Amino acid sequence: MGLLLKIFIPLLGLALAFYFYSAPENFNEEMLRGKRVIVTGASSGIGEQMAYHLARMEAHLLLTARTEAKLQKVVKRCLELGAASARYVSGSMEDTTFPEVVVKEAENTWGGLDVLILNHIGYTYFNYFNGDVGHIRKLLEINFLSYVAMTVSALPMLKESEGSIIVVSSVAGKTAAPFSAPYSATKFALDGFFSSLRHEFIIEKVNVSITLCILGYIDTENAVRAVSHAIQDTPAPKEECALEIIKSGVLRRRELHYPSRAVGSLLLLRDIAPDFLDSLIRSSYKVENIRR
């Protein structure tokens, strides 16, 4: 079985990658020069790396996260790397008024917006579901409802600029896995909302793109700390992941799958052999390392 999977999974990934990305598209860093970009969850991990890439591309940046001290360091580094401008707004997405505050800051500073990158997540556990409905409600507020609120606030400016919305999601929002029920629920919600909104934009001829980024296991500090004891896979690099997110959003792609082979294979198996996929997922965890 192990040898079969080693052969089968890469072939599936290549097939799916060809299906999604066969169209000729060229990314040029100058596409971001002077663009006005909001990045949420920008104090660490993928969000921080996106900020650095965008800075090198000479974009105008508005960064947000909970921790002001970390944001100050990221903004300082972005200016050193060549950002056209960089500023921050610190606060928690648990505050239902905060998404509008961030967007209003962009409007007051720039008078418009070209790219909205929604990347922040709330803290959750990696374990058996403990029955805490309140935790799910709180996580939905941060991981889902604040994404909706920011989109609603930013949409008038994005319509005017014919801009882009980039939604950072997860393979956990496409196919279920154990030990992540609250997190997975919020990511499935993102897919449902933004995929439906994309339809409406097309029907109404609204020229604002929506790119849903389906990410696998990435080597961010938070992800490695949370799951490395139970997941046998090697995480993919956050620096490359961040760049692929930016490229996909600017090229106005429907979805990004990263790492493409691993995520693409899972999604194809979900559709053609769901029971086999479920078994494969369960076997990939070191269940003995999960403590209730």
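In this predicted model, the side chain of N143 makes a polar contact with the side chain of T186, at 3.2 Å. N143 has its place in helix 5, which covers residues 133–161, and the same side chain also reaches the backbone nitrogen of G122, at 2.7 Å. If neighbours within four places in sequence are left aside, the residues in contact with N143 are H120, I121, G122, Y183, T186 and L190. Is N143 buried or exposed? Its relative accessibility is 0%, and N143 therefore counts as buried.

From here we can turn to the sheet. Seven strands form an open sheet, their order being 3-2-1-4-5-6-7, and the pairing is parallel. Strand 3, with residues 85–90, and strand 7, with residues 255–258, stand at the edges with a single partner strand each, so that one side of each is left without a neighbour in the sheet. On average, and with direction ignored, neighbouring strands of this sheet are turned by 15° against each other. As a general point, the strands of a sheet pair through backbone hydrogen bonds, and this pairing may be either parallel or antiparallel.

Two of these pairings can be followed residue by residue. Strand 1, made of residues 36–40, runs parallel to strand 4, made of residues 115–118, and three bridges join them; within this pair, V39 stands opposite I117 in strand 4. Strand 6 and strand 7 also run parallel, and four bridges join them; here C213 stands opposite L256 in strand 7.

What can be said about the two faces of strand 7? In a regular strand, the side chains alternate between the two faces of the sheet. In strand 7, E255 and H257 lie on one side and L256 and Y258 on the other, and all of them are buried, so that both faces are covered. After this strand comes a cis peptide bond, which joins Y258 and P259 with an omega of about -5°. P259 lies in the loop between strand 7 and helix 9, the latter being residues 260–272.

A helix also packs against the sheet, and one of its residues deserves a closer look. Helix 6 lies across strand 4, strand 5 (164–170) and strand 6 (209–215), and runs at about 150° to strand 5. R198 has its place in this helix, which covers residues 181–203. Leaving aside neighbours within four places in sequence, R198 is in contact with I210, L212 and R254. Which side chain of opposite charge is nearest to R198? It is E255, but E255 is 5.6 Å away, and R198, although buried, has no salt bridge. A salt bridge is counted here only within 4 Å, and the pair R198 and E255 therefore falls outside this cut-off.

Elsewhere in the model, charged residues do pair. Side chains of opposite charge can pair when their charged atoms come close, and the count in this structure comes to 14 salt bridges. One of them is formed by R87 and E105, whose closest N and O atoms are 3.0 Å apart. This pair links distant parts of the chain, with R87 in strand 3 and E105 in helix 4 (residues 98–110), 18 residues apart. R87 is partly exposed, with a relative accessible area of 35%, and E105, at 22% relative accessibility, also counts as partly exposed.

Another salt bridge is formed by K138 and E94, with the closest N and O atoms 3.7 Å apart. It too links distant parts of the chain, since K138 is in helix 5 and E94 is in the loop between strand 3 and helix 4, 44 residues apart. K138 is partly exposed, with a relative accessible area of 43%, and E94 counts as partly exposed at 42%. In addition, E30, R33 and E58 are linked in a network of salt bridges.

Finally, two loop residues show backbone angles worth noting. E162, in the loop between helix 5 and strand 5, has a phi near 55°, a positive value in a residue other than glycine. F179, found in the loop between strand 5 and helix 6, likewise has a positive phi, of about 70°, although it is not a glycine. E162 counts as partly exposed at 46% relative accessibility, whereas F179 is buried, with a relative accessible area of 9%.

Terms used. Residues numbered from 1 in each chain as written. Predicted model: local features only at pLDDT ≥ 70, side-chain atom pairs only at ≥ 80, totals over all residues. Heavy atoms only, no water. Buried < 20%, exposed > 50% of the residue type's maximum accessible area, 1.4 Å probe, protein only. Lys, Arg positive; Asp, Glu negative; His and termini not counted. Contact = heavy atoms within 4.5 Å. Pairing = 2+ DSSP bridges. Axes fitted to C-alpha atoms, helices over the stretch in contact; angles between N-to-C directions. Polar contact = N/O pair within 3.5 Å; in protein donor to acceptor, adjacent residues only side chain to side chain.
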